Each structure stands twice: as C-alpha cells, then as structure tokens.
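User: I'm new to this one and would like to go through it with you piece by piece. Could you put it up so that we can start?
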Amino acid sequence: MRSWSISAGRIFGVDLRIHWTFLLLPLFVWYTEFASHGSANEGRDLALVGIIFASVLAHEFGHALVARRSGIRAKSIILLPIGGITQLDDSQPSPGMPAAEPLAVGAVSNRKAAKLAPWQRDIRIAMAGPLINLLIALLSAGIILAVAPHVDLRTWPFMQSRNLPRSLVWANLYLAGFNLLPAYPMDGGRVLRALFSRRMDAIQATRRAVSIGQAFATLFMLVGMLSNIWLTLVGLFLFIASQMEERSVAFQSVLERVHLEDIMLTDFATLSPADTLEDALEKAVHSLQDDFPVIRGSDMVGVISKQKILEALRVEGNGYVQAVMNRIFEVAQKGESLASAFRKLTARNLSIIPVVEDQRLVGIVTLQNLMHSMALLAESRKLRKQALNS
Ligand SMILES: [Zn+2]
C-alpha cells in the first residue's frame with residue numbers, strides 16, 4: 001500500500017500520502033471534458049481536481065478527528081479519488097491515551113468515548129467522513145444559492161470543470177453517497193463490519209465485509225462498462241482498496257495466530273545488575289543481540305540496550321549496569337500472540353520483551369527479531385501460495 005503512494009507531508013501529526021490513482025484523475029477529467037466538448041481548459045480541470053482533492057481530505061480528517069476523540073491516533077491518511085484510507089494506530093487499543101488537546105472539553109469527551117463499545121466507536125468513526133461531506137455540500141449549496149442564485153445546481157452533468165461551484169456541491173454529495181455504500185472498505189462497509197463484529201471475531205467480520213465489498217466492486221465495473229465509465233473507475237478503486245484491506249487482514253490474522261514461543265529467541269545472553277558497563281560491552285560485542293535482559297538470581301530486574309551501555313560509558317565513564325538499566329519493562333507469556341507483543345513494544349516504545357512461563361524467563365523477543373520473523377512469515381506465506389498455484 002505504501003509503495004503505491006507518495007508522501008505529501010504531514011498535517012496535524014498525520015502522514016499524508018497520495019495514492020498513484022489520484023494522479024490519473026487530472027488526465028481522466030481532461031479526457032472526459034475533451035470528449036464531451038472537443039476542448040478542455042486545463043486551469044479549470046485542475047481546479048476541479050483540486051476540489052475533489054480537498055473534499056477527500058476533509059472527509060479523511062473527519063475520520064481522523066473523531067478517532068482521536070476516542071483516543072485512537074491516525075497514523076497516516078492515503079488519498080484515493082473516491083475517498084481515502086485512514087490508517088489508525090491501534091497499538092493503543094484502550095481509550096486511555098491522553099487527549100492531544102489539553103482542553104477540558106477534550107478530556108470530558110474522551111471519558112464519554114470510553115463508555116462506548118468498540119463497535120459503536122467504529123461506527124462513529126466511519127460515519128464522520130460522509131457527514132463532513134454532507135455538511136460541506138449543504139453549506140456550499142446554501143452559500144451559492146444566497147450569493148449567486150443564477151448558478152443552477154441541478155443540471156446534469158453535475159460535476160464538470162465549466163461549473164466549479166456546482167461541482168463542489170456534487171463532489172461532496174457523491175463522496176458521501178459512495179462512501180455510505182455497504183461495500184467495505186467504504187465507510188458503509190465499515191459500519192457493516194462493526195455490526196458483524198458483535199457476533200464474530202474481528203478478522204472474520206472483516207473477511208465477510210471485504211467479500212461483500214468485492215461483490216460491489218465487480219458489479220460496478222460490469223455495470224459501468226455498459227453505461228458510465230466513471231462507475232467502472234469507481235469499481236476499480238473499490239476493488240484495489242478492498243484487496244489492500246484483505247491483505248492487511250491476512251497479515252493481521254497471521255500475527256494473531258503466531259505465538260511468541262514460535263519465534264522468541266531462546267538462546268540469548270543476559271547481564272547481571274552487578275556487571276560493570278565495560279564487562280557488559282564486552283559481552284555485547286560477542287552477541288548479535290541489541291537488547292539484554294538483566295537478571296539477578298532467577299529474577300528479571302531490568303532491560304538494557306547496547307546503545308544505552310555505549311552512551312553511559314561515553315558520558316559517565318564506567319559504572320554498573322544496575323544504575324543505567326531500564327527498570328520499566330513489560331513481560332509477555334509465551335502463549336501470547338505476535339500481534340499482542342507488537343502492540344506492547346510499540347505502545348511503550350520498548351525494544352525488548354522478556355517472555356516468561358510460570359514467572360520463569362524462557363526467551364526474549366526484540367523488535368529486531370520480531371521484524372525479521374514477520375518478514376520471514378510473509379515470505380513463507382508467499383512461497384506456500386506459489387506452491388499451491390503451480
Ligand atoms: Zn471514509
């Protein structure tokens with residue numbers, strides 16, 4: 001997904017990316033104008049593309065802002081011509097995250113949001129995008145009618161570069177309409193998934209919503225070929241989007257299915273709190289590990305990284321591991337899923353998680369080894385698929 005989009009900077013701390021299909025839009029607008037009038041005005045065509053872009057952006061920020069009010073941060077927004085995909089950072093699943101805005105109002109609404117069930121929260125986030133577009137459509141229609149009553153808002157084609165005010169109203173109506181279709185990953189489909197998730201697990205619910213989404217996409221493409229090229233294009237975007245979702249669901253389900261005992265490092269070096277930093281560095285040199293559990297007797301008392309040892313040596317000279325180690329760490333049970341370990345690592349910005357069984361340290365999982373394992377898992381899945389296809 002990332003590889004098919006280009007970075008367009010950051011807004012409100014959210015990565016903004018533009019999917020390559022958005023770059024086709026100017027060409028497409030120019031082509032349809034040219035086909036219907038035999039001429040095209042590039043300036044107006046670009047303005048129409050700009051209107052669509054701004055409307056999609058407003059839609060996505062609707063999602064991102066409501067998500068943030070429920071304590072979920074948006075990681076990135078990828079813009080497609082029929083809407084966008086807001087990737088939420090669900091590494092902090094509880095709504096306990098401090099509100100980004102230090103206003104009392106924000107804090108109150110956060111507490112209110114905490115009472116919502118996850119499926120209710122998901123429906124709220126999903127509805128925010130289309131509602132913003134409906135709002136923009138209503139407001140702009142009202143302003144246009146008040147300021148320039150001669151602009152006819154109801155003549156077909158609703159969206160064309162010759163009438164930009166009308167296009168603004170209709171671009172937003174179309175965006176709201178398409179996104180409300182119960183075709184995952186459109187917002188209507190997200191609502192559907194949230195409703196499914198009341199009776200089945202999240203992955204199953206997403207799978208079911210995705211297959212309904214793909215049925216819609218296919219229908220659009222077929223009907224579009226017989227009637228309207230725009231519809232074919234929408235079907236195509238929908239298909240691309242639902243495939244991306246399917247892949248991420250598949251990946252997520254691997255993460256949920258693999259347990260830490262399958263990938264943890266069982267052959268690892270440990271340090272003692274009484275080790276000097278120079279001894280620790282000496283040990284670190286002979287190990288591939290970047291992070292070490294610190295053990296006293298049979299108790300885990302902290303964690304320390306190679307980086308930290310080096311920094312401490314450089315700044316304060318030789319000392320004891322005890323003084324420098326990180327005493328705050330999370331442990332995981334060996335039966336926990338990869339996804340859960342990954343959430344723990346990213347939520348607290350840790351680079352190592354000791355894996356325990358009956359209070360006993362049986363392995364470690366480091367960010368480094370988790371990344372490797374995930375890449376290996378993805379690779380082995382691909383190989384298995386190839387074996388099945390051949
Ligand atoms: Zn949306």
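User: Are H59 and H63 buried or exposed?

Analyst: This is a predicted model, and in it H59 is buried, as is H63.

User: Where do H59 and H63 lie?

Analyst: Both of them belong to helix α2, which covers residues 42–69, and they sit 4 residues apart, about one turn of that helix.

User: And what are the protein donors of the zinc ion?

Analyst: H59 and H63 each donate through NE2, and D187 is listed with two OD donors, with the donors lying 2.0 to 2.5 Å from the zinc ion. Along the sequence, the donor residues follow the spacing H-x3-H-x123-D.

User: Why is the site of the zinc ion irregular?

Analyst: The angles among its 4 donor atoms run from 56 to 145°, and four donors count as tetrahedral only if all angles lie between 85 and 135 degrees, so a spread of that kind falls outside the tetrahedral range. As a reference point, the ideal angle for four tetrahedral donors is 109.5 degrees.

User: Changing topic, where is S5 found?

Analyst: S5 is part of strand β1, which spans residues 5–11. Its relative accessibility is 7%, and because buried means under 20%, S5 counts as buried.

User: What is S5 in contact with, beyond its neighbours within four places in sequence?

Analyst: Those contacts are R17, I18, H19, W20 and I78. With R17 there is also a polar contact, in which the two side chains are joined at 3.0 Å.

User: Now the strands further along: how do β8 and β9 run?

Analyst: Strand β8, residues 352–357, runs antiparallel to β9, and 6 bridges join the two. One of the pairings matches I353 with V365 in β9. The two strands form a hairpin with 2 residues between them, and in the turn D358 has a positive phi of about 50°.

User: Is β9 enclosed or open?

Analyst: Strand β9, residues 360–366, is largely enclosed by the rest of the structure, because 6 of its 7 residues are buried.

User: Last one, which residues of helix α10 are buried?

Analyst: In helix α10, residues 277–285, the buried residues are L277, A280 and A284. They cover an arc of only 55° around the axis, which means that they are on the same side of α10.

User: What covers them?

Analyst: The cover over the buried residues of α10 includes β5 (291–296), α11 (306–316) and α12 (321–324).

Terms used: Residues are numbered from 1 along each chain as its sequence is written. This is a predicted model: local features need pLDDT of at least 70, side-chain atom pairs count only at pLDDT 80 or more; totals for chains, interfaces and linings use all residues. Side-chain values use heavy atoms; hydrogens and water are left out. Buried means under 20% relative accessible area, exposed over 50%, partly exposed in between (1.4 Å probe, protein chains only). A polar contact is a pair of N or O atoms within 3.5 Å; within protein, one must be able to donate a hydrogen and the other to accept it, and residues adjacent in sequence count only if both atoms are side-chain atoms. Contact means heavy atoms within 4.5 Å. Donors are N, O and S atoms within 2.8 Å of the metal (3.2 Å for Na, K and Ca); water is not among the atoms, so sites may look incomplete. Four donors count as tetrahedral if all angles lie between 85 and 135 degrees; four count as square planar and six as octahedral if opposite donors are over 155 degrees apart and all others between 65 and 115; anything else is irregular. Two strands pair if DSSP finds at least two bridges between them. The arc is that of the directions from the helix axis to the C-beta atoms.
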